[in-house]
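Here are some exercises to work through with the model open beside you. Try each task yourself before you read its solution.

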Amino acid sequence: MFFKKTEMVSPERALPGRATQPFQLAEKHLVLGSPLVTDDVPAGLEVALFGLGCFWGAEEVFWRIPGVWSTSVGYAGGTTPHPTYEEVCSGMTGHTEAVRVVFDPDAVSYADLVRAFYEVHDPTQGYRQGNDIGTQYRSAIYYDSPEQEQVAREITAAYAPVLERAGYGAITTEIRPTPTYYYAEDYHQQYLYKNPNGYRCHSATGIKVPTT
């Protein structure tokens, strides 16, 4: 199983999943007071989707940023439809743990969110973050528009040599169009608000992303 978790499962071998979400979610974000399920995004707001290791601590980072309207955690980038947490952690769905961020671009830029993303984890670790090992912990930016893609790639290109000069390897972050996003179970949503002393995994490099 350890071997499977550190290699991306092929679509043919992935778990079959199910046709519908197998659990209910709360209506409101416990911290921000906005809707938790944000399939219908209000006019003027935009969506960013990131994978940066364990989603408990990752979500907390983004809900604290002014201009963020709502956050949720879920599963993205894999094959299995409507997976469960246990299935994702088995390495047999292909998903990464993801944070979906709905934000006001007039209050916080997508570039600022990408910079925050890079500065709170180590994007050079491949299928792991610190002691968390598996394909579900891989680094990912899923872009929602050509403009988001351009920003993500430009910031990544600027950050890569900075990390390399500091002794880190190449950035392994997956950058691709937004895939289907599946909400995680309700007990994972705003987990660190519910459990203030809960687990946080931030394998941050401590190296700032260039702003110019």
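**Exercise 1.** Find out what Gly-74 touches, leaving out residues up to four places away in sequence.

*Solution.* Start with the contact rule: heavy atoms within 4.5 Å. With that, Gly-74 touches Phe-55, Thr-96, Glu-97, Ala-98, Tyr-181, Tyr-182, Tyr-183 and Ala-184. Next, place the residue: Gly-74 sits in strand S2, residues 68-76. (Helices are DSSP runs of H or I with at least four residues, strands are E runs of at least two, and both are numbered from the N terminus.) Then check its cover: Gly-74 has 0% relative accessibility and counts as buried. Buried means under 20% relative accessible area, exposed over 50%, and partly exposed in between, with a 1.4 Å probe and protein chains only. Last, pick one partner: Ala-184 is 110 residues away from Gly-74 along the chain, yet their C-alpha atoms are separated by 4.2 Å.

A word on the numbers before you go on. This is a predicted model, in which local features need pLDDT of at least 70 and side-chain atom pairs count only at pLDDT 80 or more, while totals for chains, interfaces and linings use all residues. Residues are numbered from 1 along each chain as its sequence is written, and side-chain values use heavy atoms, with hydrogens and water left out.

**Exercise 2.** Work out how many helices and strands the protein chain has, and in what order they come.

*Solution.* Count first: there are six helices and eight strands. Now walk from the N terminus, and you get α-β-α-β-α-β-α-β-β-β-α-β-β-α. The radius of gyration, taken over C-alpha atoms, is 16 Å, close to the 17 Å that the globule rule gives for 212 residues, so the chain is as compact as a globular protein of that length. (That rule is 2.2 Å times the number of residues to the power 0.38.) For the outline, the C-alpha trace spans about 45 × 40 × 35 Å along its principal axes. Finally, 52% of the 212 residues count as buried.

**Exercise 3.** Which residues of helix H2 are buried, and what covers them?

*Solution.* Go along H2, residues 55-63: nine of the nine residues are buried, so this helix is largely enclosed by the rest of the structure. They are Phe-55, Trp-56, Gly-57, Ala-58, Glu-59, Glu-60, Val-61, Phe-62 and Trp-63. Then look around the helix: the cover includes strand S1 (46-52), S2, helix H3 (85-89), strand S3 (96-103), H4 and helix H6 (191-194).

**Exercise 4.** Find out what H4 gives to the largest nonpolar core.

*Solution.* Begin with the helix: eight of the ten residues of H4 (residues 110-119) are buried, so H4 too is largely enclosed by the rest of the structure. Among the buried ones are Tyr-110, Leu-113, Phe-117 and Tyr-118. Now for the core, meaning a set of buried Ala, Val, Leu, Ile, Met, Phe, Trp, Tyr and Cys residues joined through side-chain atoms within 4.5 Å. The largest one has 46 residues, and those with the most contacts inside it are Phe-50, Phe-62, Val-101, Tyr-110, Leu-113, Tyr-118 and Ile-141. H4 gives the most to this core, with seven residues. Apart from this core lies another one, of ten residues, among them Phe-23, Leu-36, Tyr-181 and Tyr-183.

To zoom in, take Leu-113: leaving aside neighbours within four places in sequence, its contacts include Ala-48, Phe-50, Phe-62 and Val-101.

**Exercise 5.** Is Ala-140 buried or exposed, and what does it touch?

*Solution.* Ala-140 belongs to strand S6, residues 139-143. With 0% relative accessibility, Ala-140 is buried. Not counting residues up to four places away in sequence, Ala-140 touches Leu-49, Phe-50, Gly-51, Thr-96, Phe-117, Thr-173 and Glu-174.

**Exercise 6.** Compare the settings of His-82 and Gln-190, starting from phi.

*Solution.* First, the background: most residues other than glycine have a negative phi. His-82 has a positive value, near 45 degrees, and Gln-190 also has a positive phi, of about 50 degrees. Next, locate them: His-82 is in the loop between S2 and H3, while Gln-190 is in the loop between strand S8 (181-183) and H6. Last, check their cover: His-82 is partly exposed at 21% relative accessibility, whereas Gln-190 is buried at 1%.
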